[in-house]
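Colleague: Could you walk me through this chain before I plan my reading of it? I'd love a few plain questions and answers.

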Amino acid sequence: MHVPSSWYLILSALLFTLGVVGFLIKRSLITVFMSIELMLNAVNLSFVTFAHEWHAVKGQIFVFFVMMVAAAEAAVGLAIIIAIFRARGTLNVDQIDLMKL
Amino acid sequence: MNLYLWLIPILPLAGFLINGLLGKRLPKALVSTVALLMPFAAFSLVARAAMLVWPGNTSGSLAIALPYSETLGSWINAGSFHLDFTLALDQLTLVMLLVITGVGFLIHLYSVGYMSHEEGYWRYFSYLNLFLFFMLVLVLAGNYLLMFVGWEGVGLASYLLIGFYYEKKSAADAGKKAFVVNRIGDFGFLLGMFLLLSQFGTLSFSEIGTALAAQPALQGGILTAIALCLVVGACGKSAQIPLYIWLPDAMEGPTPVSALIHAATMVTAGVYMISRTHGIFDRSPFALAVVAIIGAATAFFAATVGLVQTDIKRVLAYSTISQLGYMFLGCGVAAYSAAVFHLMTHAFFKALLFLAAGSVIHGLNGEQNLLKMGGLRKQMPVTFWTMTIGVFAIAGFPPLAAFFSKDAILYEAFQHGSLGKALYFVGIVTALLTSFYMFRLWYLTFFGESRAENHGDHHHHAHESPWSMLTPLVILALLSFVGGWIGIEKFGGFLSPVVGPVLSPAELPGGTTLDYILSGVAVLVAVIGLGIAHLFYGSKNDRAANLAASASGPYKLLVDKYGIDELYGAVIVKPLLLASQYLLGWIGEGVLVRGSAWLLAGTATLTGEFLRRWQSGNLRSYSAWLAAGAAVLLLATLFFASRVAPGFDPNHVLMLHINSNAAVR
C-alpha cells in the first residue's frame, strides 16, 4: 500500500500541535520538556518526508543533526531540571518565576 | 630677498602663548622681558622691511618692489573657490605696521611701569601681545577672510582687556557691550564679504582689484550694497554713529589699553578697511557720501559731548571718536591718503594724550575726575610738558602733527563739491570744539590750585611717574611734534600706488592761496578755542558754572550724552530682552524645548507602563507569545511572501506540489 506524503505531513503537523499545546498547558517541567522533544520529532518527521519525496538525502542528514542536538539538550535540560528541583523543591513552572519584575 | 612677513605676527603670538600659559609661574621681570621683546622684534622686522622697500633704496638685489606678498599655504579649496593664507605688504600696510608695532612697543614699555602693582600682570601682557598678533594679521592679510580673522581677533582682545578688572561689574559690562556692539558691525562686514564673493567669486584684494579694473562700467548698484555693508563693519570697529556707544565705556580698561587699542590702532581698523577697499567705494558716490556724512556727524557730535565730560579718560574717548570722524570724513571725500595721514598722526598724539592721562591717574592713585585735579604742573613736569605737546597737537597748532593731517582732510573736503563744503564747515566747527575741550582738560588738570578732597594727603601722594612710563611719553611727544612734517604731498605720494593720487592745490580752483587761507582759518579756530578755554578755566572763576546754569537744558543734554545710551536701551535692548524672555523664553523654551522633552518622556513612560505587563515572569505566558509570534510569522509568509518576492509561491513548497508529484508517480 502506498501512503501519500501528505499523510505524513499531516501527522507531523498534528504531533507538532500536540507538542505546542502540551508545552503551553502543562505545569510540570518534565512534561514541558517532553513536549519540546515531541515538537522536535514532529519536525524530524516532515524532514524525512520531504527527503523521501524529493529524493534528497540532505533532509535525512539534517534529521541526524536534530536528533544529536536533542540528545545533548536532553542531557543538559534534565540536569537543569534536577538542579531546579533541588533548589526550589518544585517543578511547577508557575512557581519558577524568578525573572519576574 | 625674503621679508619674513609671517614672523611679524607670529612673534607676538609666541609672547602671548609663553605668558599666557606659563606667566603665572614666571617672575615678573621675565614676563616683562618676553612681553617687550616680542613687539620689539616685530618692530625690528617691520623696520627692516621698510628699509628694504623704501622708494629711494636702489641698492641692487636688496630692493624689493611693492606690493609684495607671501603665501603660506592653501586655506580653503571648495569647488571654484580658492583661498590662501596670504600676507601682503604694500605702502598702506607698511604705514600701519610701523604705527602698530612702533606705538605698540612704546605702550608695552609704558605698561611695565603702569601695571607694576596690578594683580594679573602676566595676564595683562599676554592679552596685549595677543592683540598685537591679531592687529598685525588684520593689516597684513591679503584677502578679506584673513582680514576678518584679525578683525574678530582684535575684538576679542579688546573685550578681554576692557574687562581686565573683571571683578568690577562696570568693567565686565563694558567689555560685553563693546563685544556685542562690534558684533553688529561684524555682521555688516560678513554680509559685505558674501556679496563680494557672489559678485567676484574671490575674496583676495588683488584679484578683486583686477576684476574691478576689467569692468570699468561697473558703477553703483551691487557695489553700493557691498560698500554700505562694509561701512557698517567699519562703523562698529571705528566707533562711528550709530555704533560708537561702546568706546566711551571701553575706558573701564587699563589706560595703556585705551591708548593702544581704543585710540591708536584697533579703532582705526575701519579707516584702514575703507582705504584698503577704496576701489569699491570709488565706484559708488552714494556710499562715499554716506561715509563722509557719518564721519562729519560723528566728529561734531562726539566733540559736543566731550565739552562737558569730567572724567579725563572720557574726554579723550570722545575726542578719539571725534578724530575718527575726521578720518571717515577724509575717506568719504576720497582723500584716503589724508585719512591715513591723520590716522598716523592721531596714533601718535592720542596715544601720547592717553599715556599722559594715565601718568596723571597713576600719580593721583587712580583719580580720574578732572574736577578733583588741578595744579599738577609743578608736581609732574615731564607729564605736563609732553601732554602740552599732545594738547597743542590735537588742537591743530602748527607746526605740530595734527595741523598738517587735519588740514589735509579739511582742504580735500572743501574741494569736494557742495556737500564737501558743508562738511568742511562742520569740520571746522568741530576743530573749534576740539581745541576748547582739550584746553579745558589741560587747564583743569595742570593749572590752578589742587581740588583734591583731602588736601594734604593728596599732595603727599601726587608724584611723577617712573622713567619706564616717561620714556614712551617723551618719544611720542617727539613724534607728535614732527610726525606731520613729512607733509601730505610726500605722504600721499608714497601711498598713491595703493590709494590713488592726492589732490594738488596748485592745480585746483583757488590754487595754493585757498590752501593757505584754509590753513589760516584752521589755526585761527584753534587759537579761538584756546582763548575761550582760557577765559573759562584759565583762572579761578564762575563763568563755566554760570554758563552751565543759564543754559541748563542744553548742558544737561550734553552731560547725559544726548541720552543715546538710554534711547538704545529703550528702543533696542529692552524689546530684545522682552522678546527673548517672552517669545524665546515662553514659546521657544517653554513650549518647544520643554514641551518636546515632556512629550518624549511621557510617551516612553506610558508605553513602558503598558508594555511592562507583558513581562509577567510567567514562563507559560512567554511561551504562548513565542508560539503566537511564530504562527503570525508563518501566516504572514503565507499571505505576503508572493507579493514581496514575485514567483515565490508557498503552496508550491507545501502540499499541492507534493500531491501533484505523487499523482505523477
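**Chain B, step by step**

Colleague: In chain B, what share of the contacts between residues at least 6 apart in sequence join residues at least 24 apart?

Modeller: Happy to help, and do bear in mind that this is a predicted model. Take the contacts in chain B between residues at least 6 apart in sequence. Those joining residues at least 24 apart make up 79%.

Colleague: What radius of gyration does chain B have, beside that of a compact globule?

Modeller: Its C-alpha atoms fill a box of roughly 130 × 65 × 55 Å along the principal axes. A compact globule of 665 residues would come out near 26 Å, but the radius of gyration of chain B is 33 Å.

Colleague: How many residues of helix α10 of chain B are buried?

Modeller: Of the whole chain B, 48% of the residues count as buried. Helix α10 spans residues 255-264 and is mostly covered. Its buried residues include Thr255(B), Leu260(B) and His262(B), and what covers them includes α3, α5 and α14 of chain B. The count for α10 is 10 of 10.

Colleague: Over which residues of chain B does pLDDT stay under 50?

Modeller: Chain B averages a pLDDT of 87, and 94% of the residues score at least 70. One stretch, with 4 contacts beyond four places in sequence, stays under 50: residues 455-459.

Colleague: And what ipTM does the predictor give the complex?

Modeller: Two scores come with the complex. The pTM is 0.78, and the ipTM is 0.81.

Notes
Residues are numbered from 1 along each chain as its sequence is written. Chains are lettered from A and ligands numbered from 1 in the order in which they are written. This is a predicted model: local features need pLDDT of at least 70, side-chain atom pairs count only at pLDDT 80 or more; totals for chains, interfaces and linings use all residues. pLDDT is the predictor's confidence in each residue, from 0 to 100. Two residues are in contact if their C-beta atoms, placed from the backbone, lie within 7 Å. A residue is buried if 20 or more other C-beta atoms lie within 10 Å of its own, exposed if 12 or fewer, and partly exposed in between; C-beta atoms are placed from the backbone. Helices (H or I, at least four residues) and strands (E, at least two) are DSSP runs, numbered from the N terminus. The radius of gyration is taken over C-alpha atoms; the globule rule is 2.2 Å times the number of residues to the power 0.38.
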